[in-house]
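Trainee: I should like to learn how the features of a structural model are to be read. Would you take me through them in order?

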Amino acid sequence: MALPRTLSVIGAGQMGIGIAFVASLRAKIPVVLLYDHDPSQITRGLEFMDKLLAKDVSKGKISENDAKAAKARITAIASSSASASSNDETNWARELGERGTDMVVEAASERLSIKEGIFRALARNLSKDAVLASNTSSISITKLAGAAVDGLVTSVSRASEEGKSCAGRVVGVHFFNPVPVMKLCEVIPGLQTSEATLEQAKAFAIACGKEVSTSKDVPGFVSNALLMPFLNEAIMCLESGTATRDDIDKTLRLGMGHPMGPLQLADFIGLDTCLAIQETLYEGTHDSKYRPSILLGRMVDAGWLGKKSGKGFYDY
């Protein structure tokens, strides 16, 4: 299966930068178009990528030439007038279309409305052959594929041949954080995803150096349908006073062999992301086991989002 000649990444946060990093360094895709509506986020992301490359060079994992080549494959684009979450896609999506990108990976905030707006814009402006992928960790790929059909220039039914063809190129590629380190990519087909699109997504992930697992399009997929209730229960244990923060994490690290405790892991994921995923799981299933803990919501309200904000269950 041929790899994309060019890749666009929408979002230059931790996940977007990580995906751009492995695509440029490991898959050696000639151009990685890194898009984010916040120019400062792109600057921080590229600086972080430079540090990662320098670290790999210092450890002898890659050569200086490898690092230079990876950096040369990345073109950073920012928009000063249109957000990727906006329905007014006349700037950013049109530019991606004009550049002729073969594959897009959306790595924006874990909110359905934001992602639907992005997929409507992508379908309207990109080639009909471009693969439209989402790095979502919980949101329905089938819904995003439907949004893509709704974004076509000419209104068509989702069940029409044109609608099915458009939706068929939408797929989930759920990389794990930190992307350069974690070995897995969870690939998720929606109901409409074509077999060719699914195989292209798998080939892309493997070229990025990842092992691939496949999940049906159910709330949370395999990974977060299992992980998030576990993290939520740990937060509830802290909330109820069953054990202290340190004892909860120590128990799972030393008693269960986990590399880090659940509260520290939640901090690394981002407590706002954990809350958004929990809410998606709960809304999608109405199963009480997915109901977010009160403490998790309060910490997000306080702006204590974990490692990225400097404070969560731990201080950073």
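Mentor: What follows treats burial, contacts, cores, cavities and backbone geometry in turn.

Mentor: This is a predicted model, in which local features need pLDDT of at least 70, side-chain atom pairs count only at pLDDT 80 or more, and totals for chains, interfaces and linings use all residues. Residues are numbered from 1 along each chain as its sequence is written, and side-chain values use heavy atoms, with hydrogens and water left out.

Trainee: Is Thr101 buried or exposed, and in which loop does Thr101 lie?

Mentor: Buried means under 20% relative accessible area, exposed over 50%, and partly exposed in between, with a 1.4 Å probe and protein chains only. Helices (H or I, at least four residues) and strands (E, at least two) are DSSP runs numbered from the N terminus. Thr101 lies in the loop between α4 (92–98) and β4 (103–106), and it counts as buried because its relative accessible area is 3%.

Trainee: Which polar contact does the side chain of Thr101 make with another side chain?

Mentor: A polar contact is a pair of N or O atoms within 3.5 Å; within protein, one must be able to donate a hydrogen and the other to accept it, and residues adjacent in sequence count only if both atoms are side-chain atoms. The side chain of Thr101 has such a contact with the side chain of Ser8, at 3.0 Å. A polar atom of the Thr101 side chain also lies 3.2 Å from the backbone oxygen of Met103. Contact in the general sense means heavy atoms within 4.5 Å. Leaving aside neighbours within four places in sequence, Thr101 is in contact with residues including Thr6, Leu7, Leu33 and Leu126.

Trainee: Leu7 appears in that list. Which residues have the most contacts inside the largest nonpolar core?

Mentor: In soluble globular proteins, nonpolar side chains tend to be buried together. A nonpolar core is a set of buried Ala, Val, Leu, Ile, Met, Phe, Trp, Tyr and Cys residues joined through side-chain atoms within 4.5 Å. Here the largest core has 39 residues, and those with the most contacts inside it are Leu7, Leu53, Val105, Phe175 and Phe204. Its largest share, eight residues, comes from α1. A second, separate core of 28 residues includes Ile10, Ile118, Ala123 and Phe221. Beyond neighbours within four places in sequence, Leu7 is in contact with residues among them Val31, Thr101, Val105 and Phe204.

Trainee: Which residues line the largest cavity?

Mentor: On a 1 Å grid over the protein atoms alone, a cavity is a set of points where a 1.4 Å probe fits but cannot get out, and a pocket is an open set with protein on both sides within 12 Å along at least five of seven lines; lining residues have an atom within 4 Å of a point. Grid points are joined across faces, edges and corners, and a volume is the space filled by probe spheres set on the points. A search of the whole structure finds one cavity of 30 Å³ or more. The lining of the largest cavity consists of Gln14, Asp267, Phe268, Ile269, Gly270, Lys307 and Lys308, with three residues, the largest share, from helix α11 (residues 262–269).

Trainee: What is the volume of the second largest pocket?

Mentor: The second largest pocket has a volume of about 320 Å³. Of its 16 lining residues, Leu112, Ile139, Lys143, Thr280 and Glu283 lie nearest its centre. Helix α12 (residues 271–285) gives the most to this lining, with five residues.

Trainee: Which peptide bond is cis, and where is Pro178 found?

Mentor: Most residues other than glycine have a negative phi, and most peptide bonds are trans. A cis peptide bond joins Asn177 and Pro178, with omega about 0°, and Pro178 is found in the loop between β6 and β7. Asn177 counts as partly exposed because its relative accessible area is 31%. The side chain of Asn177 makes a polar contact with the side chain of Gln14, at 3.3 Å.

Trainee: What is the phi of Lys28, and what is the phi of His286?

Mentor: Lys28 has a positive phi near 55° and is not a glycine; Lys28 is found in the loop between α1 and β2 (31–36). His286 likewise has a positive phi of about 55°, and His286 is exposed, with a relative accessible area of 67%.
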